[in-house]
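Welcome! Here is a short briefing to help you find your way around this structure. Take a moment to look at the sequence and the model, then read on.

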Amino acid sequence: MSGSTPMNIFDIAGRAMSAQLVRLNATASNMANAGNVTGSAAEAYRAIKPVFESVTDTPGVSTVKVKNVVTTSAEPTKRHDPNHPLADANGDVWEAAVDGNAELVDMIETARMYQNNVQVLNTAKSLMLETIRIGK
């Protein structure tokens, strides 16, 4: 962050909220593909997860950014379903490698972290308005 203006509370919380939105988008993508089946393990959907990285401006001033989004190493589940139109020659299909329960927990945690940062912004705004009011 060197060479730019120092981060303020709005930058810090805003970047954290942006990172949580990436996480929520990944969760939504995973939930959308949960239960999806394909005709081969290679084609099966695998859950994606964002990787966060701390960004420090000066000591005591830090936020987060999304370093990248990775595909998990979870393996799809093979299921014998010879009547499925996507079944291979052996009658097998592969279900997406998504743990629906874990995704729901991730969604709740993401929503709470986003809400916490909204509260930080609201508190900062209220304090600034109170300071202005006192100065009048």
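Over residues 11–39 the chain is 79% helix and 7% strand, and the C-alpha atoms at the two ends of this span are 46 Å apart. UniProt lists these residues, 11–39, as "domain: Flagellar basal body rod protein N-terminal", in an unreviewed entry. Please keep in mind that you are looking at a predicted model.

**The other annotated span**

- A second UniProt annotation, again from an unreviewed entry, is "domain: Flagellar basal-body/hook protein C-terminal", and it covers residues 96–133.
- Residues 96–133 are 89% helix and 0% strand, with 56 Å between the end C-alpha atoms.

**Overall layout**

- The protein has two helices and five strands.
- Along the sequence, these elements follow the pattern α-β-β-β-β-β-α.
- The C-alpha atoms fill a box of roughly 80 × 30 × 15 Å along the principal axes.
- The radius of gyration is 22 Å, whereas a compact globule of 136 residues would have a value near 14 Å.
- Of the 136 residues, 26% are buried.

**The hairpin of strands 2 and 3**

- Strand 2 (residues 48–58) and strand 3 (residues 61–71) run antiparallel and are joined by 10 bridges.
- To find one of these pairings, look for Phe52, whose bridge partner in strand 3 is Val66.
- Two residues sit between the strands of this hairpin, and Gly60 takes a positive phi near 90° there.

**The three-stranded sheet**

- Another set of strands forms an open sheet of three, in the order 1-5-4, with antiparallel pairing.
- Strand 1 (37–38) and strand 4 (77–80) are at the edges with a single partner strand each, so one side of each has no neighbour in the sheet.
- Four bridges pair strand 4 with strand 5 (residues 92–95) in the antiparallel sense.
- Within this pairing, His80 stands opposite Asp92 of strand 5.

**A salt bridge within the sheet**

- Asp92 also meets Lys78 through its side chain, in a salt bridge with an N to O distance of 3.8 Å.
- Asp92 lies in strand 5 and Lys78 in strand 4, so this pair ties together parts that are 14 residues apart in sequence.
- Are these two partners buried or exposed? Asp92 is buried, with a relative accessible area of 8%, while Lys78 counts as exposed at 54%.

**Salt bridges that reach across the sequence**

- The structure holds 10 salt bridges.
- One of them joins the side chains of Asp106 and Arg23, at 2.8 Å from N to O.
- Because Asp106 lies in helix 2 and Arg23 in helix 1, the pair ties together parts that are 83 residues apart in sequence.
- Both Asp106 and Arg23 are buried.
- Glu103 and Lys49 form another salt bridge through their side chains, with an N to O distance of 2.8 Å.
- Here Glu103 belongs to helix 2 and Lys49 to strand 2, so the pair ties together parts that are 54 residues apart in sequence.
- Glu103 has 2% relative accessibility and counts as buried, whereas Lys49 has 24% and counts as partly exposed.
- Which residues make up the salt-bridge network? Arg23, Lys49, Glu103, Asp106 and Glu109 are linked in it.

**A nonpolar patch on the surface**

- Leu21, Leu24, Met31, Leu104, Met107 and Ile108 form a nonpolar patch on the surface, and together they have about 460 Å² of accessible area.
- Helix 1 (9–33) and helix 2 (100–135) are the elements that give two or more residues to this patch.
- Leu21, one of the patch residues, lies in helix 1.
- Leu21 is partly exposed, because its relative accessible area of 41% falls between the buried limit of 20% and the exposed limit of 50%.

**To take away**

- Helix 1 and helix 2 both contribute to the nonpolar patch, and the Asp106–Arg23 salt bridge ties them together as well.
- Strands 2 and 3 pair in the hairpin, and strands 1, 5 and 4 make up the open sheet.

Technical notes: Residues are numbered from 1 along each chain as its sequence is written. This is a predicted model: local features need pLDDT of at least 70, side-chain atom pairs count only at pLDDT 80 or more; totals for chains, interfaces and linings use all residues. Side-chain values use heavy atoms; hydrogens and water are left out. Two strands pair if DSSP finds at least two bridges between them. UniProt positions are given in the numbering used here, feature names are shortened, and annotations may be inferred rather than shown by experiment. Patches are made of residues with over 30% relative accessible area and no salt bridge: like charges are joined within 9 Å, nonpolar side chains (Val, Leu, Ile, Met, Phe, Trp, Tyr) within 5 Å. Accessible areas come from the Shrake-Rupley method with a 1.4 Å probe; for residues, only the protein chains shown count as cover. A salt bridge is a side-chain nitrogen of Lys or Arg within 4 Å of a carboxyl oxygen of Asp or Glu. Buried means under 20% relative accessible area, exposed over 50%, partly exposed in between (1.4 Å probe, protein chains only). The radius of gyration is taken over C-alpha atoms; the globule rule is 2.2 Å times the number of residues to the power 0.38.
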